[in-house]
Amino acid sequence: MSLSINDVYKVARLARLGMTEQEAQTAHAQLLNIFGLIAEMQAVDTNGITPMSHAQDISQRLREDRVTEHNQRELFQAAAPQIKKGLYLVPQVIE
Amino acid sequence: MLNSSLLQLGAALRSKEISSVELTQLYLHRITALNSKLNAYITVNEEMSLAQARAADVQLAQSKTHALTGIPVAQKDIFCAMGWRTTCGSKMLSDFIAPYDAHVIEQFNRVGAVNLGKTNMDEFAMGSSNETSHFGNVKNPWNNNAVPGGSSGGSAAAVSAHLCAAATGTDTGGSIRQPAALCGISGLKPTYGVVSRYGMIAFASSLDQAGPMARSAEDLALLLNVMAGFDERDSTSLQRETEDYTRDLNKPLNGLRIGLPKEFFAAGLSADVAQAIEASIAEYKKLGATVIDISLPNSRLSIPVYYVLAPAEASSNLSRYDGVRYGYRTPEYTNLADMYEKSRAQGFGEEVKRRIMIGTYVLSHGYYDAYYLQAQKIRRLIAQDFVEAFKQCDVIMGPTTPTTAFNLAEKNDDPVQMYLSDIYTIAVNLAGLPGMSIPAGFSGNGLPVGLQIIGNYFDEARMLNVAHQYQQVTDWHTRTPQHIEV
């Protein structure tokens with residue numbers, strides 16, 4: 001396991017988490033410790049084992065194709081930080 | 001009244017000995033007096049609770065009642081409840097008013113139970129001490145210098161200190177059982193898929209499961225009857241016949257086979273916890289049970305596997321908090337990416353960010369096979385250990401936690417030490433099995449010890465029977481902390 005400080009910045013960027021240099025250094029040390037704990041896993045022979053993604057072997061349910069939800073835009077947008085005329089406002093992304 | 005079981009409270013309500021409004025006011029009064037000390041609740045809304053209580057009193061007057069009609073229940077602040085502030089213990093959602101009800105909330109509303117308030121919790125249920133909450137730590141009612149456990153620490157403390165009749169919790173790696181053990185109450189995590197996750201704010205979706213927290217197994221059974229049930233809005237909710245979880249409570253335990261995993265009694269288990277657990281096993285033998293030594297050889301890997309899988313799922317689930325549709329938005333930003341990064345950096349606490357970082361890393365290109373896939377393969381090995389074990393025994397027992405409640409701030413700076421406190425509970429979530437914790441004695445310094453009971457898939461009724469019979473011959477579950485008089 002060789003997680004560098006640059007990896008920390010890269011992962012923070014992928015996760016859209018702003019991070020100061022100080023925070024990145026603390027995160028680096030803690031992540032190294034945590035991956036030290038996780039490393040025990042690597043030595044286990046798992047050849048031929050099917051990955052288990054879920055506790056029950058069930059397949060996705062299908063439902064009837066009918067309308068179940070009605071428009072509740074105003075109710076749901078009441079929780080938004082910024083809206084205008086029923087639209088969510090974000091900084092301009094296209095010049 | 002405060003020491004009454006849910007059945008007794010229900011009888012008192014139906015016989016008009018007390019009204020739901022009076023009972024709700026009794027608890028609200030206690031919360032007003034004690035919450036500044038314990039911090040078990042994040043949000044209390046007297047008006048909304050009393051409106052529900054008044055409606056329950058109308059139902060009671062018309063005799064249109066259910067066992068829980070008019071009973072005040074505390075809801076973990078992870079469940080969306082319409083019109084209630086629902087924070088999940090995070091600054092990210094500190095102003096979020098839920099626009100709909102979680103299935104669990106709907107179920108309680110349907111039977112006329114009263115929502116008494118939203119209980120404190122670790123931020124996004126990530127923590128084992130309730131110290132990651134944006135709203136401050138909860139104190140253990142048994143010792144105010146100790147943690148209540150987490151993540152359902154507020155619910156556990158509220159039940160323990162009689163700040164509610166019962167409560168709900170959620171358990172992803174032990175978050176019902178561990179705080180139940182540390183606060184001396186009973187708590188049950190059902191089989192994955194028994195209780196709908198709809199409207200329960202997601203942490204690690206393949207592990208998250210809601211369950212009841214209360215003072216006795218009998219109370220848990222009544223609560224689970226309300227919480228369980230198929231819900232088409234949760235794609236992993238299981239379509240099963242409705243069960244009455246109280247049906248087996250009074251069965252004798254003659255011939256019960258209890259498996260004791262040697263891994264749960266190895267190095268790391270404190271002497272006072274071991275002693276209490278051994279005494280409770282001896283009690284079970286008196287009740288007619290036999291004890292079988294078993295092994296869960298891969299359980300030692302459950303912490304590494306969990307700390308790959310749970311953060312991976314969390315990093316994906318928490319990507320929805322972008323400061324656009326709901327939740328916190330930073331006041332100052334230069335462009336969209338800057339708004340995302342600042343909103344998330346300021347809105348999430350340290351532990352949540354740490355887990356998002358772990359999850360993003362293990363899912364990133366070049367590491368997926370080595371971490372995520374390897375963890376999923378070992379998850380199957382861990383689940384298979386239980387399948388083998390249940391060929392030899394009916395239930396598995398052991399300690400819920402390696403120690404009694406640790407002190408506030410004791411493990412704060414060392415995430416790895418904090419993670420290790422869930423050593424006995426995590427494997428159950430990985431396998432998707434039901435697990436519970438019941439009070440089983442006290443340590444030398446007066447802190448509660450929890451006995452963990454693990455059952456086979458869908459064996460909740462039997463586990464509740466096993467717990468209830470123990471509670472008929474012991475009184476650990478009736479003990480209450482000092483200094484909770486109002």
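Mentor: Buried means under 20% relative accessible area. The model discussed here is predicted.

Trainee: Which residues in helix 4 of chain B are buried?
Mentor: Helix 4 of chain B covers residues 103–110. An α-helix has 3.6 residues a turn, so residues three or four places apart point the same way. The buried residues of this helix are B:His103, B:Val104, B:Ile105, B:Gln107 and B:Phe108.

Trainee: What do the buried residues of helix 4 of chain B pack against?
Mentor: The partners are three strands and a helix of chain B. They are strand 2 (72–76), strand 4 (166–171), strand 6 (209–214) and helix 7 (217–227).

Trainee: Are helix 4 and helix 7 of chain B roughly parallel or roughly perpendicular?
Mentor: Their axes are 8 Å apart and the packing angle is about 110°. Angles from 65 to 115 degrees count as roughly perpendicular. The two helices of chain B are therefore roughly perpendicular.

Trainee: How many nonpolar, polar and charged residues does the contact of helix 4 with helix 7 of chain B have?
Mentor: From helix 4 come B:Val104, B:Gln107, B:Phe108 and B:Arg110, and they meet B:Leu223, B:Val226 and B:Met227 in helix 7. By class, the contact has 5 nonpolar, 1 polar and 1 charged residues.

Trainee: Which residue just after helix 4 of chain B takes a positive phi?
Mentor: Most residues other than glycine have a negative phi. The residue in question has a phi of about 85° and is a glycine, B:Gly112.

Trainee: At what angle do helix 1 of chain A and helix 11 of chain B cross?
Mentor: Helix 1 of chain A spans residues 5–14, and helix 11 of chain B spans residues 350–362. Their axes come within 9 Å and cross at roughly 95°. That makes the helices roughly perpendicular, because angles of 65 to 115 degrees are classed that way. The crossing angle is roughly 95°.

Trainee: How many charged residues are in the contact of helix 1 of chain A with helix 11 of chain B?
Mentor: On the chain A side are A:Val8, A:Val11, A:Ala12 and A:Leu14, which meet B:Met357, B:Thr360 and B:Tyr361. The contact has 6 nonpolar and 1 polar residues. The number of charged residues is none.

Trainee: Which residues touch the most other members of the largest nonpolar core?
Mentor: That core has 176 residues. B:Ile453 is one of those asked for, and its contacts include B:Tyr284, B:Val395, B:Met397, B:Pro434 and B:Met463. The full set is B:Phe124, B:Tyr284, B:Phe386, B:Met397 and B:Ile453.

Trainee: Is B:Phe124 buried or exposed?
Mentor: B:Phe124 lies in the loop between strand 3 and helix 5 of chain B. Its phi is positive, about 50°, although it is not a glycine. The relative accessible area of B:Phe124 is 1%, so the residue is buried.

Trainee: What is the relative accessible area of B:Phe458?
Mentor: B:Phe458 is in the loop between strand 11 and helix 15 (460–473) of chain B. It is not a glycine, yet has a positive phi of about 65°. B:Phe458 is partly exposed, with a relative accessible area of 26%.

Trainee: Where is B:Ser151, whose preceding peptide bond is cis?
Mentor: Most peptide bonds are trans. The bond from B:Gly150 to B:Ser151 has omega near 10° and is cis. B:Ser151 is in the loop between strand 3 (114–119) and helix 5 (153–160) of chain B.

Trainee: How many disulfides are found over all chains?
Mentor: A disulfide needs two cysteine sulfur atoms within 2.5 Å. For B:Cys80, the nearest cysteine sulfur is that of B:Cys88, 8.4 Å away. For B:Cys164, the nearest is that of B:Cys183, 11 Å away. Searching the whole structure gives a count of 0.

Trainee: Which residues does B:Leu34 touch, leaving out those up to four places away in sequence?
Mentor: B:Leu34 belongs to helix 2 (residues 20–38) of chain B. Its relative accessible area is 7%, so it counts as buried. The residues it touches are B:Ala161, B:Leu163, B:His483, B:Ile484 and B:Val486.

Trainee: How is B:Pro448 classed, buried or exposed?
Mentor: B:Pro448 is in strand 11 (residues 448–455) of chain B. Among the residues it touches are B:Trp142, B:Leu182, B:Thr404 and B:Phe442. At 2% relative accessibility, B:Pro448 is classed as buried.

Key
Residues are numbered from 1 along each chain as its sequence is written. Chains are lettered from A and ligands numbered from 1 in the order in which they are written. This is a predicted model: local features need pLDDT of at least 70, side-chain atom pairs count only at pLDDT 80 or more; totals for chains, interfaces and linings use all residues. Side-chain values use heavy atoms; hydrogens and water are left out. A nonpolar core is a set of buried Ala, Val, Leu, Ile, Met, Phe, Trp, Tyr and Cys residues joined through side-chain atoms within 4.5 Å. Buried means under 20% relative accessible area, exposed over 50%, partly exposed in between (1.4 Å probe, protein chains only). Contact means heavy atoms within 4.5 Å. Axes are lines fitted to C-alpha atoms, for helices over the stretch in contact, and angles run from 0 to 180 degrees between N-to-C directions. Helices (H or I, at least four residues) and strands (E, at least two) are DSSP runs, numbered from the N terminus. Angles under 35 degrees count as roughly parallel, over 145 as roughly antiparallel, 65 to 115 as roughly perpendicular and the rest as oblique. Ala, Val, Leu, Ile, Met, Phe, Trp, Tyr, Cys and Pro count as nonpolar, Asp, Glu, Lys and Arg as charged, and the others, Gly among them, as polar.
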